[in-house]
Amino acid sequence: MYNTYNMGLGMVVVVDAADAYATIEAIEKAGDKAWVVGDIAEGTKSAELI
C-alpha cells in the first residue's frame with residue numbers, strides 16, 4: 001500500500017505554540033497519536049524544500 005497511496009500525516013491541526021502540548025494531550029486522551037511536526041516562523045518569503 002505504501003507504493004500506491006500517500007501514507008503521510010493524515011490530519012494536521014494548526015494551533016498556537018502555547019497550546020501545542022495541551023492539544024496533543026487532549027488528542028492522545030481521545031485515543032489517537034499526535035506529534036509536533038513544524039512551526040511557523042518569519043522568513044524571506046521563499047520556500048525551502050527538504
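1. Let's begin with the lining of the largest pocket in this predicted model. By class, 16 of the lining residues are nonpolar, two are polar and two are charged. The space inside the largest pocket comes to about 700 Å³. In total, 20 residues line the largest pocket, and those closest to its centre are Val-12, Val-13, Trp-35, Val-36 and Val-37.

2. Some of these names come back on the surface. Val-12, Trp-35 and Val-37 join Leu-9, Val-14 and Ile-40 in a nonpolar surface patch of about 760 Å². If you have the model open, colouring the six patch residues will help you follow the next two points.

3. Is Leu-9, a patch member, buried or exposed? Leu-9 has a relative accessible area of 60%, and because the cut-off for exposed is over 50%, Leu-9 is exposed. You will find Leu-9 in the segment before helix H1, which covers residues 20–29.

4. Ile-40 belongs to the patch too, but its place is in the segment after H1. Its relative accessibility is 78%, so Ile-40 counts as exposed. How far apart in space are Ile-40 and Val-14, C-alpha to C-alpha? The separation is 9.7 Å, with their positions 26 residues apart in sequence. Both Ile-40 and Val-14 contribute to the nonpolar patch.

5. Asp-39 is another residue to look at in the segment after H1. With 70% relative accessibility, Asp-39 counts as exposed. Its C-alpha atom is separated by 9.5 Å from that of Asp-16, and the two residues are 23 apart along the chain.

6. Lys-33 also has its place in the segment after H1. Its relative accessibility of 68% puts Lys-33 in the exposed class. Measuring sticks at the ready: Lys-33 and Val-14 lie 15 Å apart in space, C-alpha to C-alpha, and 19 residues apart in sequence.

7. Finally, a backbone point about Lys-45. What is the phi of Lys-45 near? The value is near 60 degrees, which is positive, in a residue other than glycine. For background, most residues other than glycine have a negative phi. Lys-45 sits in the segment after H1, and at 86% relative accessibility Lys-45 counts as exposed. A look at the backbone around Lys-45 would be a good way to round off your tour of the model.

Terms used. Residues are numbered from 1 along each chain as its sequence is written. This is a predicted model: local features need pLDDT of at least 70, side-chain atom pairs count only at pLDDT 80 or more; totals for chains, interfaces and linings use all residues. Side-chain values use heavy atoms; hydrogens and water are left out. On a 1 Å grid over the protein atoms alone, a cavity is a set of points where a 1.4 Å probe fits but cannot get out, and a pocket is an open set with protein on both sides within 12 Å along at least five of seven lines; lining residues have an atom within 4 Å of a point. Grid points are joined across faces, edges and corners, and a volume is the space filled by probe spheres set on the points. Ala, Val, Leu, Ile, Met, Phe, Trp, Tyr, Cys and Pro count as nonpolar, Asp, Glu, Lys and Arg as charged, and the others, Gly among them, as polar. Patches are made of residues with over 30% relative accessible area and no salt bridge: like charges are joined within 9 Å, nonpolar side chains (Val, Leu, Ile, Met, Phe, Trp, Tyr) within 5 Å. Accessible areas come from the Shrake-Rupley method with a 1.4 Å probe; for residues, only the protein chains shown count as cover. A salt bridge is a side-chain nitrogen of Lys or Arg within 4 Å of a carboxyl oxygen of Asp or Glu. Helices (H or I, at least four residues) and strands (E, at least two) are DSSP runs, numbered from the N terminus. Buried means under 20% relative accessible area, exposed over 50%, partly exposed in between (1.4 Å probe, protein chains only).
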